[in-house]
Each structure stands twice: as C-alpha cells, then as structure tokens.
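Biologist: Can you take me through this one? I'd like to go a few residues at a time.
Modeller: Fine. Here is what we will be looking at.

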Amino acid sequence: MGYIRAEEILPVEVIELIQQYVDGENIYIPRKVAHRQAWGAGTQIKQELSVRNQQIYKDYLAGSNVSELAIKYFLSEKSIQRILRMQMYS
C-alpha cells in the first residue's frame, strides 16, 4: 500500500476539515464495500495453503505425529491440530 500526499488529491477545504480531527498524523481511509476484495484474492496464497494443508493431512494419515509435522512445516502444534481438524471435517 502506497501513500499519497493529501494536497495532491484533496481540495484545501477537505484537508482543513480533516486537520480539525487529525493534524499531521497518518490515517487509513478504507475502501468502499463494493471495491473490497476477499483475503488472498490478488494472489495464489489460498491455493498454496490449501495444497500445503492437504499434504499435512496426508502426512498425518501416513503416520507422522503432530510434533513432527510442526517441525517439518515450521508451524506450531496448535496450528497443525487446527489444520488437521479442518481437513477431517471438509
């Protein structure tokens, strides 16, 4: 996310109004609801995590225990347990 200088895009009146509430601080202006994207929509991360989680489940079914999986995938044991639960019920 990049920053844009307010004086480059906003009228002076709007800047002065904002300065009544926030003077010299950074603020975040959220996207309109109609323009929001779901998490991971712009990348392949959802698919990559799904593949990884399926592999964790396969490894578990093949005999690996939670501790071994946590070390192998660089995750906490709680994360492995959560992934296994999700895979079992999906």
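Modeller: One term before we start: buried means under 20% relative accessible area, exposed means over 50%, and partly exposed is what lies in between. Also keep in mind that this is a predicted model.

Biologist: OK, use that on R85. Is R85 buried, exposed or partly exposed?
Modeller: R85 has 47% relative accessibility, and because that falls between the two cut-offs it counts as partly exposed. R85 is found in helix α5.

Biologist: Which residues does α5 cover?
Modeller: Helix α5 takes in residues 77-88.

Biologist: And what's the distance from R85 to F74?
Modeller: Their C-alpha atoms are separated by 18 Å, and the two residues are eleven apart along the chain.

Biologist: Where does F74 sit?
Modeller: F74 is in the loop between α4 and α5. With 76% relative accessibility, F74 counts as exposed.

Biologist: What's its phi?
Modeller: The phi of F74 is positive, about 55 degrees, although F74 is not a glycine. For background, most residues other than glycine have a negative phi.

Biologist: Back to the helix. Is Q87 buried or exposed?
Modeller: Q87 is buried, with a relative accessible area of 19%. The cut-off for buried is under 20%, so Q87 meets it. Q87 also belongs to α5.

Biologist: What does Q87 touch?
Modeller: Setting aside neighbours within four places in sequence, Q87 is in contact with N53, Q54 and Y57.

Biologist: And M88, what are its contacts?
Modeller: Outside the neighbours within four places in sequence, M88 is in contact with Y57 and Y60. M88 is in helix α5 and is partly exposed, with a relative accessible area of 41%.

Biologist: How far is M88 from Y57?
Modeller: From C-alpha to C-alpha they are 8.2 Å apart in space, while in sequence they are 31 residues apart.

Biologist: Which residues make the nonpolar surface patch?
Modeller: The patch is made by Y60, L61, M88 and Y89, and it is about 480 Å².

Biologist: Let's stay with Y60. Which helix is it in?
Modeller: Y60 is in helix α3, which runs over residues 45-61. At 32% relative accessibility, Y60 counts as partly exposed.

Biologist: What is Y60 in contact with?
Modeller: L69, L84 and M88, leaving aside neighbours within four places in sequence.

Biologist: And the distance between Y60 and I80?
Modeller: Their C-alpha atoms are 9.7 Å apart in space, with their positions 20 residues apart in sequence.

Biologist: Now the helix pair. At what angle do α3 and α4 pack?
Modeller: The angle is about 145 degrees, and the axes are 10 Å apart. Helix α4 is made of residues 66-73. The crossing of α3 and α4 is right-handed.

Biologist: Which residues make that contact?
Modeller: From α3, R52, Q55, I56, D59 and Y60 take part; from α4, L69, K72 and Y73 do.

Biologist: Switching to charges. How many salt bridges are there in the whole structure?
Modeller: A search of the whole structure finds two. D59 forms one of the salt bridges with K72, with the closest N and O atoms 2.9 Å apart.

Biologist: What does the D59 and K72 pair tie together?
Modeller: D59 lies in helix α3 and K72 in helix α4, so the pair ties together parts that are 13 residues apart in sequence. D59 itself is buried, with a relative accessible area of 10%.

Biologist: What about R5, which side chain does it meet?
Modeller: The side chain of R5 meets that of E7 in a salt bridge, at 2.4 Å from N to O. R5 counts as exposed at 53% relative accessibility, whereas E7 is partly exposed, with a relative accessible area of 48%.

Biologist: Last one, I9. Where is it?
Modeller: I9 is in helix α1, residues 6-9, and it is exposed, with a relative accessible area of 55%.

Biologist: How far is I9 from Q44?
Modeller: I9 and Q44 are 33 Å apart in space, C-alpha to C-alpha, and 35 residues apart in sequence.

Note on methods: Residues numbered from 1 in each chain as written. Predicted model: local features only at pLDDT ≥ 70, side-chain atom pairs only at ≥ 80, totals over all residues. Heavy atoms only, no water. Patch = residues over 30% accessible without salt bridge, like charges linked within 9 Å, V, L, I, M, F, W, Y side chains within 5 Å. Areas by Shrake-Rupley, 256 points an atom, 1.4 Å probe, with all protein chains shown as cover. Salt bridge = Lys/Arg side-chain N within 4 Å of Asp/Glu carboxyl O. Helix = DSSP H or I, 4+ residues; strand = E, 2+ residues; numbered from the N terminus. Buried < 20%, exposed > 50% of the residue type's maximum accessible area, 1.4 Å probe, protein only. Axes fitted to C-alpha atoms, helices over the stretch in contact; angles between N-to-C directions. Left-handed = near helix turned anticlockwise from the far one by under 90°. Contact = heavy atoms within 4.5 Å.
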